[in-house]
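Work through the exercises below with the model open. Each task is followed by a solution in steps.

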Amino acid sequence: MTRPLGIDDPGVDWSGARVLVRADLNAPLDDGRVTDDARIRASVPTLERLLAAGAGVAVCSHLGRPKGKPVEELSLRPCAEKLGELMGRTVELLPDCVGDDVRARAEALRPGELVMLENLRFHPEEEANDPAFADRLAAGFTHYVNDAFGAAHRAHASTEGVARRLPARAGLLLSREVEVLEGLLTSPRHPFVAVLGGSKVSDKLPLINSLLERCDRVLIGGAMCFTFLAAQGESVGASLHEGPDGQAQATELMETAVRLNCALQLPVDVLVADRFAADAALEVVPTDDIADGWMGVDIGPRTSSSYREAIMGAQTVFWNGPMGAFEIEPFVDGTRAVAEAMAACFGSTVAGGGDSGAAVAQFGLVDDFTHVSTGGGAALEMLEGRTLPGVAALPSTS
Ligand code: ADP
Ligand code: MG
């Protein structure tokens with residue numbers, strides 16, 4: 001397995017280096033305040049390590065979608081303040097990410113000094129991976145470190161272009177993500193169980209196909225299960241489900257599972273609601289008995305306990321996609337049951353995906369998992385077996 005060289009690779013002496021660090025500081029904001037600092041927090045260890053080793057560091061990131069021009073509300077200022085708070089120091093925010101002034105500051109960076117560059121996406125050249133812009137980003141620095149796993153599936157100037165212009169290494173977070181996810185792909189211990197939920201089959205088609213090839217058992221929940229059930233000819237009432245195309249894909253996946261000898265399991269019971277609201281009338285019914293007008297909003301208790309048993313007996317578990325509309329409290333039980341079973345499982349347990357990761361955090365179980373990926377789309381693309389451009393651009397072992 002090839003892995004990107006990390007910052008602990010002895011080939012680099014960080015003392016006196018002036019390092020451009022690409023982090024993922026794209027935190028949710030509300031009224032100019034960071035509402036969830038998980039991503040910023042996850043970026044701290046790499047920064048601390050480089051600073052302690054005697055580097056001067058400028059950290060850069062995107063934030064939101066400013067569409068290539070400066071947008072006051074999408075300034076990284078709140079993130080600079082939050083990072084400073086977490087690191088117990090002030091982090092100066094420079095007014096831009098490129099230009100003569102930034103270059104001069106880069107050239108003058110002193111060991112142990114940390115500054116932040118302004119939102120990369122204020123420039124359209126960032127997402128275009130413009131070569132001249134990558135040159136300008138690199139200007140004044142001696143090294144580049146990519147720790148932005150959540151952006152590694154995008155070939156942008158700050159994730160791809162600049163990595164080819166400076167001696168480059170992977171940060172601690174990116175290294176760990178790649179190690180864990182590559183491990184699932186190349187050397188999982190068996191039984192390997194995947195739990196898949198979320199809204200659509202069509203969104204996750206390449207992911208499901210990749211997992212069917214590698215897993216012994218795939219447990220389906222979430223709105224996705226109603227597309228499978230509809231494909232089998234069940235009536236799914238008012239449940240969220242896909243039309244003929246999605247159902248044809250579901251049928252094909254079920255055939256693939258048989259061919260690959262992978263057990264693809266669907267719920268046997270569901271929680272149905274008469275409305276998509278916290279005060280809806282609720283009932284648990286067998287999946288072949290969903291009445292017209294009722295919608296499935298979570299897996300039922302019999303399904304939860306059968307999924308729990310499969311998870312507890314696994315050596316490796318990967319989970320993506322909530323089992324129900326967990327954001328609504330009465331619909332959370334199935335998702336919590338999966339998270340708790342994974343937390344209690346002795347095998348290697350990995351969750352990936354924006355909403356699944358948020359669910360694990362909401363239950364306070366992050367530390368009980370082997371790994372909860374910080375990269376939604378990037379993690380799923382890796383598990384599809386795709387090469388991430390931000391990772392491929394880094395020099396690797398062997
Ligand atoms: P992830 O971000 O973990 O990859 P997805 O984005 O695919 O997950 O799906 C998460 C969304 O699916 C959540 O917003 C959740 O409310 C929704 N969802 C799950 N089950 C249902 C359901 N039965 N009915 C409606 N929405 C559902
Ligand atoms: Mg999502």
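**Exercise 1: the ligand site**

A backbone N or O atom of Gly-324 lies 3.5 Å from a nitrogen atom of ligand 1. Find further polar contacts of ligand 1 (pairs of N or O atoms within 3.5 Å; within protein, one must be able to donate a hydrogen and the other to accept it, and residues adjacent in sequence count only if both atoms are side-chain atoms), and state how much of the ligand is covered.

Conventions: this is a predicted model, in which local features need pLDDT of at least 70, side-chain atom pairs count only at pLDDT 80 or more, and totals for chains, interfaces and linings use all residues. Residues are numbered from 1 along each chain as its sequence is written, chains are lettered from A and ligands numbered from 1 in the order in which they are written, and side-chain values use heavy atoms, with hydrogens and water left out.

*Solution.*
- Step 1. Ligand 1 is surrounded by 20 residues, and Lys-204, Asn-320, Glu-327, Asp-355 and Ser-356 are the closest; a residue counts if one of its heavy atoms lies within 4 Å.
- Step 2. A polar backbone atom of Gly-296 is 3.1 Å from a nitrogen atom of ligand 1.
- Step 3. In the side chain of Ser-356, an N or O atom is 2.5 Å from an oxygen atom of the ligand.
- Step 4. Of the 580 Å² of accessible area that ligand 1 has on its own, the protein covers 84% (Shrake-Rupley method, 1.4 Å probe; for residues, only the protein chains shown count as cover).

**Exercise 2: the domain interface**

Which residues supply 82% of the area that domain 1 buries against domain 2?

*Solution.*
- Step 1. The assignment, automatic or from a database, gives domain 1 (18-171) and domain 2 (188-383).
- Step 2. The two domains bury about 520 Å² between them, with 68% of it on carbon and sulfur atoms; buried area is the accessible area (1.4 Å probe) that two parts lose on being put together, summed over both.
- Step 3. Arg-39, Phe-149 and His-153 supply the 82%, more than any other three residues.
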